[in-house]
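Reader: Walk me through this fold. Keep it brisk, and finish each reply on the name or value I ask for.

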Amino acid sequence: THQLQQTNSELNEALSQIDTIYRNVDSALILFDKDLTILKINEHAKSLMNADEKFQAAVLKLTTDFMMVTFSEQTQSFIFENTKDDARQYTATISKIYDSNSELENILLVIDDNTHLMNMQRVTLWKEVASRLAHEIKNPLTPIKLTAERVKRRSKDAGDADLQELIAKSMDMIVTESDELLTLVEEFSIYARMPSLIRDDMNLLAIAEEVVALQKRLNTEVAMNVDIAEDIVLKGDKHQLKRVFVNLIQNSIQAMEGREGSKIDIRAVMTAGKVEITVEDNGSGIKDEDIEKVFVPYFSKKPSGTGLGLAIIKKIIEEHGGTITVKSRVDEFTQFYITLPMLR
């Protein structure tokens with residue numbers, strides 16, 4: 001009797017450990033019997049299976065196909081687009097479990113979402129591309145711009161007024177386009193090789209007000225409000241954090257273009273050893289399927305956008321040991337939420 005109680009106790013402990021694993025593991029776990037009836041499934045797997053019938057069908061096909069092969073384990077990657085047109089990459093590892101008589105008893109399916117890893121690999125690749133593009137584009141651009149400016153100055157010596165005007169307009173166009181390309185190259189360079197942080201004590205309110213004062217002069221139709229306590233002092237790179245505010249405000253202004261009552265609210269509070277910063281606008285908003293993509297390099301819904309502004313912001317915040325997230329509702333608001341540690 002004692003031995004039976006001990007065996008039951010060990011069995012219950014083992015089952016408890018399995019339940020703990022199922023509850024806490026990041027992967028989606030599904031245990032089938034040999035007839036592919038689900039015996040055990042964790043919450044992560046439930047949410048995936050319940051989210052979309054197509055995903056359920058994909059999992060069923062994967063397990064059914066696996067039953068037809070002779071090997072006992074396989075791993076494969078697949079990209080699945082859910083109903084929100086959000087493509088995510090998964091890795092599925094499926095294994096056959098045999099009993100003591102070498103008879104098939106169970107099938108274990110483990111699904112991992114590798115979308116974040118895929119995005120990180122894409123970011124690394126784009127950094128290399130950006131660095132090369134910046135170098136290759138910048139070299140010929142400067143002499144092109146200088147030559148255009150020189151030709152425009154010399155065109156004043158031309159006797160024909162119409163010819164002077166044509167040359168001047170043509171050279172102005174070349175100079176303007178060159179400046180835009182140089183701006184793009186600058187963003188490439190910043191993203192590919194962000195300057196090292198130069199940390200110093202800085203007053204957050206002073207930085208925000210300095211940026212807002214300039215943006216108010218350039219965008220008089222947009223109301224900008226700053227609500228930051230005067231005593232919030234951070235240890236960070238002033239120039240890079242100014243860029244964060246500039247990029248976020250300019251991003252908001254573009255999202256509110258042509259809308260009446262446009263406003264931007266910038267707030268910050270100290271809590272639990274960190275600073276929480278919110279930049280919110282009442283612009284056009286971001287679609288649900290685009291929320292996770294806004295910080296990915298070269299993703300942009302704007303015809304003239306480079307898709308680097310928010311990627312640069314994210315990199316600056318992360319290098320300061322912080323985080324940035326975004327919430328939005330189409331045609332209502334967009335809110336960027338930043339946390340920064342109080343580094344002293």
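**Core, sheet and salt bridges**

Author: We begin with S252, found in helix α7. The model is a predicted one.

Reader: Is S252 buried or exposed?

Author: Buried means under 20% relative accessible area. The relative accessible area of S252 is 1%. By that cut-off, S252 is therefore buried.

Reader: Leaving aside neighbours within four places in sequence, which residues is S252 in contact with?

Author: S252 belongs to α7. Neighbours within four places in sequence are left aside here. The contacts of S252 are then I264 and D281.

Reader: Which residues have the most contacts inside the largest nonpolar core?

Author: That core has 40 residues. Helices α6, α7 and α8 each supply at least two of its residues. So do strands β7, β9, β10, β11 and β12. The residues with the most contacts inside the core are L204, F245, I264 and I277.

Reader: Take I277. Which residues is I277 in contact with, beyond its neighbours within four places in sequence?

Author: I277 is among the residues with the most contacts inside the core. Its contacts include R267 and A268. F336, Y337, I338 and L340 are also in contact with I277. The list is completed by L204 and F245.

Reader: How many residues are in the second, separate core?

Author: This core is separate from the one that holds I277. Its members include V59, L62, I94 and I111. The residue count of the second core is 16.

Reader: Now the sheet. In what order do its five strands lie?

Author: The sheet is open, and its pairing is mixed. The edge strands, β7 and β11, each pair on one side only. From one strand to the next, the twist averages 10°. The order is β7-β9-β10-β12-β11.

Reader: What angle does the direction of α6 make with that of β7?

Author: Helix α6 packs on the sheet. There α6 touches β7, β9 and β10. The direction of α6 makes an angle with that of β7 of about 175°.

Reader: Which residue in β12 does T278 stand opposite?

Author: β10 and β12 pair in the antiparallel sense. Eight bridges join the two strands. In β12, the residue opposite T278 is Y337.

Reader: Along β11, which side chains point to one face and are buried?

Author: The side chains of β11 alternate. T323, T325, K327 and R329 point to the other face and are not buried. The buried ones are I324, V326 and S328.

Reader: Which residue in the hairpin of β11 and β12 takes a positive phi?

Author: β11 and β12 run antiparallel and are joined by seven bridges. S328 stands opposite T334 in β12. Three residues lie between the strands of the hairpin. The residue with a positive phi, near 65°, is D331.

Reader: And α8: which residue follows it with a positive phi?

Author: The buried residues of α8 include L310, I313 and I317. K315 is also one of the buried residues of α8. After α8, phi is positive, near 80°, at G321.

Reader: On to charges. How far apart are the closest N and O atoms of D172 and K152?

Author: The structure holds 10 salt bridges, and D172 forms one of them with K152. The pair links helix α5 to helix α4, across 20 residues. D172 is partly exposed at 33% relative accessibility, and K152 is partly exposed at 32%. The closest N and O atoms are apart by 2.7 Å.

Reader: Which residue forms a salt bridge with E210?

Author: E210 counts as partly exposed, at 38% relative accessibility. Its partner lies in helix α7, 32 residues apart from E210 in helix α6. The closest N and O atoms are 2.8 Å apart. The partner is K242.

Reader: What is the N to O distance for E332 and R329?

Author: The two side chains meet in a salt bridge. E332 is partly exposed at 43% relative accessibility. R329 is partly exposed at 46%. The N to O distance is 3.2 Å.

Reader: Last one. How far apart in space are L234 and N203, C-alpha to C-alpha?

Author: L234 lies in strand β8. L234 is buried, with a relative accessible area of 3%. In sequence, L234 and N203 are 31 residues apart. In space, C-alpha to C-alpha, they are apart by 6.5 Å.

Methods. Residues are numbered from 1 along each chain as its sequence is written. This is a predicted model: local features need pLDDT of at least 70, side-chain atom pairs count only at pLDDT 80 or more; totals for chains, interfaces and linings use all residues. Side-chain values use heavy atoms; hydrogens and water are left out. A nonpolar core is a set of buried Ala, Val, Leu, Ile, Met, Phe, Trp, Tyr and Cys residues joined through side-chain atoms within 4.5 Å. Buried means under 20% relative accessible area, exposed over 50%, partly exposed in between (1.4 Å probe, protein chains only). Helices (H or I, at least four residues) and strands (E, at least two) are DSSP runs, numbered from the N terminus. Contact means heavy atoms within 4.5 Å. Two strands pair if DSSP finds at least two bridges between them. Axes are lines fitted to C-alpha atoms, for helices over the stretch in contact, and angles run from 0 to 180 degrees between N-to-C directions. A salt bridge is a side-chain nitrogen of Lys or Arg within 4 Å of a carboxyl oxygen of Asp or Glu.
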